[in-house]
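Take a look at the model below. Find the ligand, then follow the protein around it.

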Amino acid sequence: VILSGKKDELLKIVDELLKNHDPLEVVENHLKPAMEMIGDMYDRGDIFLPQLILSSQTVKPAFELVETKMKGGKLNLGKFVVATVKGDIHDIGKNIVSAVVKSSGFEVIDLGKDVPSEKIVEVIEKEKPIALGLSAMTTTTAPKIREVSTLMKEKRLNVPIIVGGATLNDKLAKDLGADYYAKNATDVVRILKNILKGLNELHQNNGGRNCTV
Ligand code: B12
């Protein structure tokens, strides 16, 4: 259905799935594996760029439908800035991460895709979030993570960086100067809650009050 560009048919299938499944399950167990399969076909040369583009156009409304089912959180646990790095136009996964983090009670500042490192650092300096999320989906754009991390160090901005994307893993993330690697959106929320816990403990040890409230 995705490969043949049948948007409406896919929307019907996803709508049906959403009646009995959690939105995140629909992403992780259905849409994401389908896109990974399509990515592998592209990688092997079984399909070409036009089909990759058609697939992404077909799947985008389905992801948007899933996002509408994720409820906005009423809490404000802290700010999370997220962006896809410069040179990278993949934003489906990043948008899912934004929606899930928002629905978990964090304030999300989404800078979009193809964002210059300097711009990201500028926003971090101004907003002072509890963490920065960077998405890098290709081998050629992953080094932009290091660029952001270096710029942040130069400015002494001590904000943890959480990275994610198809070609990353734990080791690569650390090598590129990131603090955490998240394989999916649930992972990001878990990491953010741990960061928050650490911040609160630090604050309490310094005789301060709990910073989440
Ligand atoms: C859809 C897609 C496209 C679409 C993107 C549309 C869009 N608006 O996003 C289009 C057609 C434009 C595209 C273009 C290209 N693509 Co492409 N694309 C894909 C594909 C098939 C699916 C990605 C996707 O949306 N998955 C669904 C979402 C839900 O999953 P996800 O992105 O992985 O996100 C999850 C996690 O990674 C994580 N995550 C994601 N972002 C973030 C951010 C943070 C902060 C955190 C913590 C976590 C996190 O959480 C998400 C939810 O679980 C992948 C294949 C794959 N295996 O992923 C290739 C893939 C990423 N593309 C690839 C390539 C090569 C390209 C092109 C260079 C092709 C070309 N020759 O032009 C261009 C690059 C353009 C550019 N400059 O960026 C390669 C990269 C390989 C590599 N080693 O570099 C892949 C892996 C395909 C492959 N196997 O060859 N692509």
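Start with the two domains. Domain 1 (7-68) and domain 2 (79-205) both give residues to the shell around the ligand, so the ligand lies between them. Keep in mind that this is a predicted model. The ligand sits in the largest pocket.

Now look at the shell itself. It is made of 39 residues that surround the ligand. The closest are Glu28, Tyr42, His90, Asp91 and Thr139. By class, 17 residues of the shell are nonpolar, 13 are polar and 9 are charged.

Which helix gives the most to this shell? Helix 2 does, with 7 residues. Several elements each supply at least two residues, among them helix 2 (23-44), helix 3 (49-68) and helix 4 (92-103). Strand 3 (131-135), strand 4 (161-164) and helix 8 (185-205) also belong to this group.

Next, turn to the metal. The ligand carries a cobalt atom, and a single donor from the protein serves it. That donor is NE2 of His90, 2.3 Å away. Where is His90 placed? Look in the loop between strand 1 (79-84) and helix 4.

Finally, trace some polar atoms. Glu28 has a polar side-chain atom 2.6 Å from an oxygen atom of the ligand. With Gly87, the backbone takes part: one of its polar backbone atoms is 2.9 Å from a nitrogen atom of the ligand. Ile89 also uses the backbone, where a polar atom is 2.8 Å from an oxygen atom of the ligand.

Terms used. Residues numbered from 1 in each chain as written. Predicted model: local features only at pLDDT ≥ 70, side-chain atom pairs only at ≥ 80, totals over all residues. Heavy atoms only, no water. Near = heavy atom within 4 Å. Polar contact = N/O pair within 3.5 Å; in protein donor to acceptor, adjacent residues only side chain to side chain. 1 Å grid on protein atoms, 1.4 Å probe; cavity = no way out; pocket = protein on both sides within 12 Å on 5 of 7 lines; lining within 4 Å. Sits in = over half its atoms within 2 Å of the grid points. Helix = DSSP H or I, 4+ residues; strand = E, 2+ residues; numbered from the N terminus. Nonpolar A, V, L, I, M, F, W, Y, C, P; charged D, E, K, R; others polar. Domains from an automatic or database assignment. Donors = N, O, S within 2.8 Å, 3.2 Å for Na, K, Ca; no water.
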